[in-house]
2 protein chains.
Amino acid sequence: MMTATTNTPENPRPRGAARREALLEAVLKIVAEVGPDAVTHRRVAEVAQLPLASTTYWFDSKEHLLTAALELAAERDTARLLDSAAAASTGGTDPIDAVMDAIVDCDDPGCAGRGSLIATFALLLEAARRPALQEIAQRWTEVYLQTLSRLLESAGSARPRDDAELLLGAADGLLIEQLATGADEDLRPRLHRLAAVLLASA
Amino acid sequence: MMTATTNTPENPRPRGAARREALLEAVLKIVAEVGPDAVTHRRVAEVAQLPLASTTYWFDSKEHLLTAALELAAERDTARLLDSAAAASTGGTDPIDAVMDAIVDCDDPGCAGRGSLIATFALLLEAARRPALQEIAQRWTEVYLQTLSRLLESAGSARPRDDAELLLGAADGLLIEQLATGADEDLRPRLHRLAAVLLASA
DNA sequence: GGGCATTCGGTACGTTTGTACCAATTATTG
DNA sequence: CAATAATTGGTACAAACGTACCGAATGCCC
């Protein structure tokens with residue numbers, strides 16, 4: 001039910017540093033599907049199909065394991081965003097809408113869907129209590145804000161930074177509300193309208 | 001460090017149904033300060049200064065304990081919102097701004113500040129995985145949306161419900177970002193501007 | 001005041017937890 | 001190729017966990 005990619009002879013059990021990443025992968029999977037409480041050494045090892053002791057060998061403690069996993073999730077997420085922004089800038093569609101789509105829509109490759117979203121917000125919440133994670137959260141939101149703000153500026157926004165903050169805030173808020181209530185309406189029309197309204201405001 | 005209100009002879013150890021509420025209080029305190037993982041029967045009992053067995057007497061299981069705590073937090077929060085809305089409607093200030101203030105500002109009585117905010121979002125995230133909690137989260141956001149939407153309508157909004165969704169989303173998103181990054185800027189100007197921009201959009 | 005249901009609170013039990021340990025294996029270096 | 005370091009993986013252990021149990025204390029009705 002929660003086994004990772006099975007180890008065929010062609011896809012042998014990872015060794016060395018690759019093992020580290022396999023463990024982080026397993027952590028993210030568990031956070032997404034069950035929650036941070038469920039991240040135990042034994043379960044991580046089971047999902048990664050690695051021996052129990054590999055978790056303590058590659059990570060000093062459970063805390064370190066969680067922190068590293070969330071850092072990885074943040075890096076992937078920002079990379080995904082920057083890709084979308086770059087692709088949208090050269091493409092034909094409205095770059096702002098394209099980036100909002102990338103934030104909201106998680107069916108594209110590189111984003112594991114609803115589960116990945118839950119993990120993302122779990123990281124944000126964890127950061128509220130751990131200074132080490134706050135730094136990651138800061139870099140993360142800063143990348144989002146700068147990307148959005150740049151696009152808004154070239155779209156003619158009079159206050160690109162303020163507009164970016166409102167757009168990102170609305171996206172995050174609507175996403176977490178949707179997760180919490182179980183609704184599954186399309187958020188894009190709402191965000192597109194918000195972007196239009198903000199750009200129209202002198 | 002995490003002891004609840006100490007039991008003086010004047011403030012005796014609660015008995016009967018009051019004990020139930022004291023336990024829920026302790027759960028919320030732990031969720032806010034340490035996180036949902038830290039909610040164990042023993043710690044709840046310790047914080048509430050009650051015997052271990054009281055937790056299993058008043059709640060069937062740990063799951064039930066967490067669910068009931070979220071429900072209590074939601075009830076308090078919506079009550080606080082409705083109070084603010086009622087007070088603002090008769091007061092002199094702009095009712096919409098007043099309600100946004102109530103959502104964002106947690107230094108007023110009835111809201112235990114940053115800790116209470118963290119607990120709120122933690123429980124929202126928990127709802128993403130537990131259907132029983134989703135129902136509570138639905139009622140919760142619905143009260144917010146209806147309140148805001150009513151106020152926006154009488155303020156002349158052409159799309160009160162849509163505007164309410166964006167306002168609430170932005171408030172939630174900005175709040176969680178602020179928690180995650182450790183920033184402590186005043187969110188009210190941003191939300192006031194958003195309300196103004198939305199109302200100005202024909 | 002006696003009888004009965006509820007509540008209290010100490011304790012016990014089996015399970016799961018994080019982490020330590022160490023012999024066996026694999027990689028690396030001189 | 002020997003030797004030295006890094007990695008692997010099975011196992012052990014004390015602590016903490018959720019929950020069950022049950023005699024003592026308390027409140028309530030007749």
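A residue is called buried if 20 or more other C-beta atoms lie within 10 Å of its own, exposed if 12 or fewer, and partly exposed in between, with C-beta atoms placed from the backbone. The legends below are about a predicted model, in which local features need pLDDT of at least 70, side-chain atom pairs count only at pLDDT 80 or more, and totals for chains, interfaces and linings use all residues. Residues are numbered from 1 along each chain as its sequence is written, while chains are lettered from A and ligands numbered from 1 in the order in which they are written.

**View 1. Gln49 in the loop between α2 and α3 of chain A.** Welcome to the first stop! Gln49(A) is not a glycine, yet its phi is positive, at about 55 degrees. Gln49(A) is partly exposed, with 15 other C-beta atoms within 10 Å. In chain B, Gln49(B) is found in the loop between α2 and α3, and its phi is also positive, about 55 degrees. Helices here are DSSP runs (H or I, at least four residues), numbered from the N terminus.

**View 2. The surface near DNA strand C.** Look for the 18 residues that surround this strand (a residue is near a strand if its C-beta atom, placed from the backbone, lies within 6 Å of it). The closest are Thr40(A), Ser61(A), Lys62(A), Pro51(B) and Ala53(B). Two or more residues each come from α2 (41-48) and α3 (53-58) of chain A and from α3 (53-58) of chain B. By class, there are seven nonpolar, six polar and five charged residues. Ala, Val, Leu, Ile, Met, Phe, Trp, Tyr, Cys and Pro count as nonpolar, Asp, Glu, Lys and Arg as charged, and the others, Gly among them, as polar.

**View 3. The surface near DNA strand D.** Here 19 residues surround the strand, and the closest are Pro51(A), Ala53(A), Thr40(B), His41(B) and Ser61(B). At least two residues each are supplied by α3 of chain A and by α2 (41-48) and α3 of chain B. This surface has seven nonpolar, six polar and six charged residues.

**View 4. Where chain A touches chain B.** In this view, 37 residues of chain A are in contact with 37 residues of chain B (contact means C-beta atoms, placed from the backbone, within 7 Å). On the chain A side, α6 (114-127), α7 (131-154), α8 (160-181) and α9 (188-200) each give two or more residues. Of these, α8(A) gives the most, with 15 residues. How do the two chains relate? Chain A can be laid on chain B with an RMSD of 0.3 Å by a turn of 180 degrees and a shift of 0.1 Å along the axis (a least-squares superposition on the C-alpha atoms of residues with pLDDT of at least 70 in both). That is the relation of a two-fold axis. The copies meet through the same surface, because 100% of the interface residues of chain A are also interface residues in chain B.

**View 5. Helix α7 of chain A and its cover.** Follow the 24 residues of α7(A), which reach 35 Å from the first C-alpha to the last, close to the 34 Å expected at 1.5 Å a residue (1.5 Å times one less than the number of residues). Its buried residues include Leu133(A), Trp140(A), Tyr144(A) and Leu151(A). What covers the buried residues includes α4 (62-90), α5 (95-104), α6 and α8 of chain A, together with α8 (160-181) of chain B. After α7(A) comes Gly156(A), whose phi is positive, near 100 degrees.

Terms used. Two residues are in contact if their C-beta atoms, placed from the backbone, lie within 7 Å.
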